[in-house]
Amino acid sequence: MTTLTEAAPAAPAKHKAQAGTALPPARGQSFLKLVTIELRKSVNTRSGRVLIGAILLIALAAMTWQITHLSEGPVGFDAFLGAGTVGAMLILPVIGVMAMTSEWTQRTALTTFTLSPRRVRVQLAKFVSAVVLSAVVMTGVVILALGFTALAGGVTDHTATYAGLGGLLAGAYLTMALNVVMGAAFGAVIAQTAVAILVFFIAPTAWSLAGPALFKDNANWLDVFSAFGRIAERNLNGMLPETLTAIGIWVVLPTIVGLWLSSRREVK
């Protein structure tokens with residue numbers, strides 16, 4: 001009598017194509033990585049490098065003029081810092097504007113938001129990278145100001161003074177950061193580089209000129225330049241509500257609106 005044994009069923013073979021295409025789950029980019037990417041994008045363009053170089057050259061020229069036109073008395077670090085930051089206050093916000101509008105004007109938004117679909121996260125990384133870049137450039141201006149102050153005290157008969165150094169630096173960095181965020185916010189709202197830069201310079205300037213004539217002292221509630229000046233001087237002159245209101249209207253509100261619009265703007 002022959003005994004028949006049933007063979008154990010073989011395990012189903014894994015399809016080659018399925019095995020070959022099995023990939024580990026994709027990991028999202030960290031926020032620090034996004035900030036690093038945005039920083040690299042800001043400094044790797046010709047326009048970004050030209051603007052940064054222009055800031056440092058203007059600061060160098062202004063401090064050179066300052067050291068050749070010294071008045072009587074001690075030479076203060078504040079004088080050189082004030083001369084050097086004029087160009088930075090004008091140009092650094094433009095870099096902030098360009099950081100926010102580049103995806104839309106250069107038509108790279110589709111690529112960027114495909115790789116990083118969370119738009120608000122990307123836009124926040126742009127804000128942070130603009131502030132970090134402004135701090136780096138501002139540090140270069142501060143180093144120049146320190147050098148010129150020491151030079152003036154060494155080669156002239158004036159005495160170099162660094163009175164209030166910490167307060168001066170805190171006011172300068174904070175004012176610069178607020179100014180850059182304001183520029184970036186206008187870029188996020190408008191998304192067109194030329195128009196955003198134009199509105200950024202014209203709108204608050206127009207208010208600072210026309211506001212006092214129309215509303216007298218009440219114009220201070222919306223005068224962002226006066227608010228920046230009080231912050232830079234570390235003296236609010238009893239105008240804390242006016243200062244916070246101006247910052248809220250010109251900096252915080254455009255930032256919120258810009259993030260909201262960026263999250264809903266059509267990608268082409």
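## A walk through the model, starting at H8

Start by colouring helix H8, the element that supplies the largest share of a nonpolar patch, five residues. H8 covers residues 193–215, and you are looking at a predicted model.

**Stop 1: the surface patch**

Select Val86, Leu90, Val195, Leu198, Val199, Phe201 and Ile202, which together make up this nonpolar patch on the surface. Their combined accessible area is about 580 Å². Two elements, H4 and H8, each contribute two or more residues to the patch. Now click on valine 195, a residue of helix H8. Is valine 195 buried, or partly exposed? With a relative accessible area of 43%, valine 195 is partly exposed.

**Stop 2: the whole chain**

Zoom out for a moment and show the cartoon. The protein chain has ten helices and two strands. If you follow the chain along its sequence, the pattern reads α-α-α-β-α-α-α-β-α-α-α-α. There are 268 residues in the chain, and 38% of them count as buried. Switch on the surface and you have about 15200 Å² of accessible area in view, 67% of it belonging to carbon and sulfur atoms. Contacts are worth a thought here too: among those between residues at least 6 apart in sequence, 74% join residues at least 24 apart.

**Stop 3: colour by confidence**

Next, colour the chain by pLDDT. The mean is 83, and 84% of the residues reach 70 or more. Which element has the highest mean pLDDT? That is helix H7 (residues 165–190), at 93, while helix H1 (residues 16–20) has the lowest, at 47. Then select residues 1–8, where pLDDT stays under 50. The model has zero contacts for this stretch beyond four places in sequence.

**Stop 4: into the core**

Hide the surface and look inside. The largest nonpolar core holds 28 residues, and those with the most contacts within it are Ile55, Met63, Phe80, Leu81 and Leu92. Helix H3 (46–67), H4, helix H6 (119–155) and H7 each give two or more residues to this core. H6 provides the largest share, nine residues. There is also another core, lying apart from this one, with 19 residues, including Ala184, Ala188, Phe200 and Val224.

Go back to the larger core and pick methionine 63. What does methionine 63 touch, leaving aside neighbours within four places in sequence? Its contacts are Phe80, Gly84, Val141, Leu144, Ala145 and Phe148.

**Stop 5: glycine 84**

From methionine 63, step across to one of those contacts, glycine 84. Glycine 84 belongs to helix H4, which spans residues 77–105. Its relative accessibility is 0%, so glycine 84 counts as buried. Beyond four places in sequence, glycine 84 touches Ala59, Met63 and Val141. Try a distance label between the C-alpha atoms of glycine 84 and valine 141: these residues sit 57 places apart along the chain, and the separation in the model is 6.2 Å.

**Stop 6: a small network of charges**

The structure holds two salt bridges. Select lysine 41 and glutamate 38, whose side chains meet in a salt bridge with an N to O distance of 3.4 Å. Both residues are in helix H2 (residues 31–43), three residues apart, which means that about one helical turn separates them. Lysine 41 is partly exposed, with 31% relative accessible area, whereas glutamate 38 counts as buried, at 5%.

Add lysine 126 to your selection. Lysine 126 forms a salt bridge with glutamate 38, with the closest N and O atoms 2.9 Å apart. Because lysine 126 lies in helix H6 and glutamate 38 in helix H2, this pair ties together parts that are 88 residues apart in sequence. Lysine 126 and glutamate 38 are both buried. Through shared partners, the salt bridges join Glu38, Lys41 and Lys126 into one network.

**Last stop: isoleucine 249**

Finish in helix H10 (residues 240–264), where you will find isoleucine 249. Is isoleucine 249 buried, or partly exposed? Its relative accessibility is 37%, and therefore isoleucine 249 counts as partly exposed. Not counting residues up to four places away in sequence, isoleucine 249 touches Leu222 and Pro254. For one more distance label, choose the C-alpha atoms of isoleucine 249 and leucine 222, which are 27 residues apart along the chain and separated by 7.1 Å.

Conventions
Residues numbered from 1 in each chain as written. Predicted model: local features only at pLDDT ≥ 70, side-chain atom pairs only at ≥ 80, totals over all residues. Heavy atoms only, no water. Helix = DSSP H or I, 4+ residues; strand = E, 2+ residues; numbered from the N terminus. Buried < 20%, exposed > 50% of the residue type's maximum accessible area, 1.4 Å probe, protein only. Contact = heavy atoms within 4.5 Å. pLDDT = per-residue confidence, 0-100. Patch = residues over 30% accessible without salt bridge, like charges linked within 9 Å, V, L, I, M, F, W, Y side chains within 5 Å. Areas by Shrake-Rupley, 256 points an atom, 1.4 Å probe, with all protein chains shown as cover. Salt bridge = Lys/Arg side-chain N within 4 Å of Asp/Glu carboxyl O. Core = buried A, V, L, I, M, F, W, Y, C linked by side-chain atoms within 4.5 Å.
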